[in-house]
Amino acid sequence: MSTYENILIGSKDGVVRITINRAEKLNALNRATLTELEAAILALDPEVRLLVITGAGDKAFVAGADISEMADLTAEQGASFARLGHEVLARLESLEVPVIAAVNGYALGGGCELALAADFIIASEKARFGQPEVSLGVTAGFGGTVRLSRRIGDARARQLLFTGEMIKADEAYRIGLANEVVAAGELMTRVDAIAAKIMENAPRAVSLSKRATRFGEESELEAACVFEQQVFGLCFATHDQKEGMRAFLDKRKPSWIGR
Ligand code: COA
């Protein structure tokens, strides 16, 4: 279905799965892969209800930005590479539909940052997370100093960013980086089950929940609460609110139209 070289795209019943597909390089993100990922996000069908992002093979989600491409960069080129990474991850993060990172192995550097741009992370017990950039003489460059702190708090993020150490899946779960840890062979089954559960709900209410939580993350409490009131009100202008509440009262399953 896809014409990309570094990613695979599959789609079933409104769920799109994007797989970073450079298993021989542990799915490291080079410019070509980032560019393809951006193109794939931009080309998503408006009917898509949910996106899953994962890595090819059984070893890595993404083992980082591509070190062989970065080794000889100038300061200007380094900043430009980081800008590309940020642009792509911002596009992923700002999708209206839920995005789940299915982390099947190493999620290091840009890989951890890619997973953090998803709404939440479901990890296999083989997953390993870390921001090892300082061991290479650089800082995190695709949002690690920002999104990691927001997800797990400044102090824990700093520990990972300063030590460069890898943590196992159960530790990632303990500190709130991964929502769940499942057996390696069960990862996609569990992610599909979560996706199916989300898709039982009114699509617009789900996407507005995402928008409100994102607004809330970036705003003062009062502004975020006002935003939620507006979003809640907006739901009452939809068919699906009428349908959802009527179905409850009629003791039947709702039938959503997505608006
Ligand atoms: N960039 C470019 N290539 C990478 C890569 C990266 N981030 N991570 C792995 N690779 C490549 C390796 O160079 C190797 O390629 P080769 O077979 O052509 O030599 C291949 O992927 C397999 O990796 P390898 O190191 O042999 O696997 P391993 O099981 O011994 O170790 C890791 C796995 C993840 C511990 C190790 O690959 C690693 O430390 N990677 C870099 C992680 C990192 O620092 N990421 C942040 C980058 S800013």
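**Ligand contacts and sheet architecture**

In this predicted model, a backbone N or O atom of Ala-65 sits 3.0 Å from a nitrogen atom of the ligand. Two lysine side chains join this backbone contact. Lys-25 places a polar side-chain atom 2.5 Å from an oxygen atom of the ligand, and Lys-59 does likewise at 2.6 Å from an oxygen atom of the ligand. Taken on its own, the ligand has 860 Å² of accessible area, and the protein covers 61% of it.

It is helpful to look next at the wider shell. The ligand is surrounded by 17 residues, of which Lys-25, Lys-59, Ala-63, Ala-65 and Ile-67 come nearest. Sorted by class, the shell comprises 11 nonpolar residues, five charged residues and one polar residue. Among the elements that contribute to the shell are helix 2 (67–70) and strand 6 (106–108), each supplying at least two residues.

Turning to the sheet, six strands are arranged in the order 1-2-3-5-7-10, forming an open sheet with mixed pairing. Its edges are strand 1 (7–12) and strand 10 (180–182), each of which pairs on one side only. From one strand to the next, the twist averages 20°. In general, the strands of a sheet are paired through backbone hydrogen bonds, in either a parallel or an antiparallel sense. Here, strand 1 and strand 2 (residues 15–20) provide an antiparallel example, with six bridges between them. Within this pair, Lys-12 has Val-15 of strand 2 as its bridge partner.

How values were computed:
Residues are numbered from 1 along each chain as its sequence is written. This is a predicted model: local features need pLDDT of at least 70, side-chain atom pairs count only at pLDDT 80 or more; totals for chains, interfaces and linings use all residues. Side-chain values use heavy atoms; hydrogens and water are left out. A residue is near a molecule or strand if one of its heavy atoms lies within 4 Å of it. A polar contact is a pair of N or O atoms within 3.5 Å; within protein, one must be able to donate a hydrogen and the other to accept it, and residues adjacent in sequence count only if both atoms are side-chain atoms. Accessible areas come from the Shrake-Rupley method with a 1.4 Å probe; for residues, only the protein chains shown count as cover. Helices (H or I, at least four residues) and strands (E, at least two) are DSSP runs, numbered from the N terminus. Ala, Val, Leu, Ile, Met, Phe, Trp, Tyr, Cys and Pro count as nonpolar, Asp, Glu, Lys and Arg as charged, and the others, Gly among them, as polar. Two strands pair if DSSP finds at least two bridges between them. Axes are lines fitted to C-alpha atoms, for helices over the stretch in contact, and angles run from 0 to 180 degrees between N-to-C directions.
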